[in-house]
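The following exercises are to be worked with the sequence and the three-dimensional model in view. Each task is followed by a solution in steps.

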Amino acid sequence: TEALWVHQWHNVVDAGLLEKVLKASDSHARAAAARVLCHWRDRVPGALATFKALAADPYPRVRLEAVRAASFFTEPDALEVVLISAEHPSDVYLDYTRGETMKALEPYWKKAIAEGRQVRFTSEAGERFFLGRVGTEELLRLPKSRAVDLEILSRKGVRDEARREALADLARRDGKVGLLELIDAVKALDSGDKRAAEEGVVFDLVRLLSSRPAAELAAARADIETLVTSSRLPVT
């Protein structure tokens with residue numbers, strides 16, 4: 001780690017040494033290497049991808065350094081560093097740094113959305129954040145993916161035919177019957193996620209469920225009984 005700082009202050013990049021320290025077993029060494037990488041970010045290929053990986057490091061100081069470093073990027077997908085770190089235990093220092101980094105990155109991801117550009121996130125957290133902020137018409141025009149399908153199913157004000165297309169695509173991806181995908185979607189909305197407050201979406205999905213053939217519903221009787229007896233939301 002000391003050697004890295006010597007290189008840093010002499011403006012000499014030793015990417016090999018940096019990579020070695022970033023993978024060190026000592027968490028303090030990894031955190032120090034992350035700080036150095038922040039200074040070298042424009043000279044080390046794949047720096048942003050490295051910070052995305054460091055955002056999930058088991059040591060909070062490493063995650064903190066990754067989140068801080070993300071604030072210096074201008075790429076919209078740098079936001080993913082913040083979102084990945086948020087899925088791990090936090091503290092007051094991480095919370096504060098995440099908030100400041102979000103403020104710094106906000107102009108870049110908002111501009112991407114305003115221009116209709118799809119930000120290529122590599123994590124589920126990043127995809128969920130981005131898709132949750134695009135307009136419905138734009139969402140329906142995006143190339144199909146699992147994340148897009150799930151957002152369509154949980155989005156308020158989406159037409160039935162669009163939901164059916166999303167269900168069919170999910171069923172093909174998962175190798176499951178469309179009815180089971182629909183039941184899973186209802187369960188997900190009912191499970192306590194913040195989007196579950198949209199009771200109208202649950203109503204729409206259950207209405208699609210009740211329109212399935214009787215024989216198909218009978219085969220899924222046990223799953224439907226679970227929805228009846230164990231759901232959190234009265235509407236379900």
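**Exercise 1. Two residues and their exposure**

Is Asp91 buried, partly exposed or exposed? Locate Asp91 in the predicted model, and then treat Tyr93 likewise.

Solution. Step one is the location: Asp91 sits in the loop between H6 and H7. Step two is the accessibility: the relative accessible area of Asp91 is 29%. A buried residue would have under 20% and an exposed one over 50%, so Asp91 is classed as partly exposed. Step three is a distance: 95 residues separate Asp91 from Val186 in sequence, and their C-alpha atoms are 33 Å apart in space.

Tyr93 belongs to helix H7 (residues 92-114). With a relative accessible area of 58%, Tyr93 is exposed. Between Tyr93 and Arg61 there are 9.2 Å from C-alpha to C-alpha, with a separation of 32 residues in sequence.

**Exercise 2. An aromatic pair**

Find which residues form an aromatic pair, and classify its geometry.

Solution. A search of the whole structure yields one aromatic pair. The partners are Phe51 and Phe73, with ring centres 6.0 Å apart and an angle of 75° between the planes. An angle over 60 degrees counts as edge-to-face, and the pair is therefore edge-to-face. As to position, Phe51 is part of helix H4 (residues 47-54), whereas Phe73 is in the loop between helix H5 (60-70) and helix H6 (79-85); the pair therefore ties together parts 22 residues apart in sequence. Both Phe51 and Phe73 are buried.

**Exercise 3. The two sides of H4**

Determine which residues of H4 are buried and what covers them.

Solution. The buried residues of H4 are Ala47, Leu48, Phe51, Lys52 and Leu54. These residues span an arc of only 165° around the axis, so they lie on the same side of H4. Ala49 and Ala53 are exposed on the other side of H4. The cover over the buried residues of H4 includes H2, H3, H5 and H6.

A general rule helps in reading such a pattern. An α-helix has 3.6 residues a turn, so residues three or four places apart point the same way.

**Exercise 4. Length and buried side of H13**

Compare the expected span of H13 with the distance between its end C-alpha atoms, and then describe its buried residues.

Solution. Helix H13 (residues 199-210) has 12 residues, which at 1.5 Å a residue should span 16 Å. The end C-alpha atoms of H13 are 16 Å apart, in agreement with that value. Buried in H13 are Val201, Val202, Asp204, Leu205, Leu208 and Leu209. Their arc around the axis is only 160°, which places them on the same side of H13. Elements covering the buried residues of H13 include helix H10 (146-154), helix H11 (160-174), helix H12 (178-190), helix H14 (214-219) and helix H15 (221-230).

**Exercise 5. Two helix crossings**

At what angle do the axes of H2 and H3 cross, and which residues make the contact? Repeat the analysis for H10 and H11.

Solution. The axes of helix H2 (residues 15-22) and helix H3 (residues 27-40) come within 8 Å and cross at roughly 145°. The crossing of H2 and H3 is left-handed. Leu18, Val21 and Leu22 of H2 contribute to the contact, and among the contributing residues of H3 are Ala33, Leu37 and Trp40.

For H10 and H11, the axes come within 9 Å and cross at roughly 145°. Their crossing is left-handed. Contact residues include Leu150 and Leu153 of H10, and Ala166 and Leu170 of H11.

How values were computed: Residues numbered from 1 in each chain as written. Predicted model: local features only at pLDDT ≥ 70, side-chain atom pairs only at ≥ 80, totals over all residues. Heavy atoms only, no water. Phe/Tyr/Trp six-rings, centres within 6.5 Å; stacked < 30°, edge-to-face > 60°. Helix = DSSP H or I, 4+ residues; strand = E, 2+ residues; numbered from the N terminus. Buried < 20%, exposed > 50% of the residue type's maximum accessible area, 1.4 Å probe, protein only. Expected span 1.5 Å × (residues − 1). Arc of directions from axis to C-beta. Contact = heavy atoms within 4.5 Å. Axes fitted to C-alpha atoms, helices over the stretch in contact; angles between N-to-C directions. Left-handed = near helix turned anticlockwise from the far one by under 90°.
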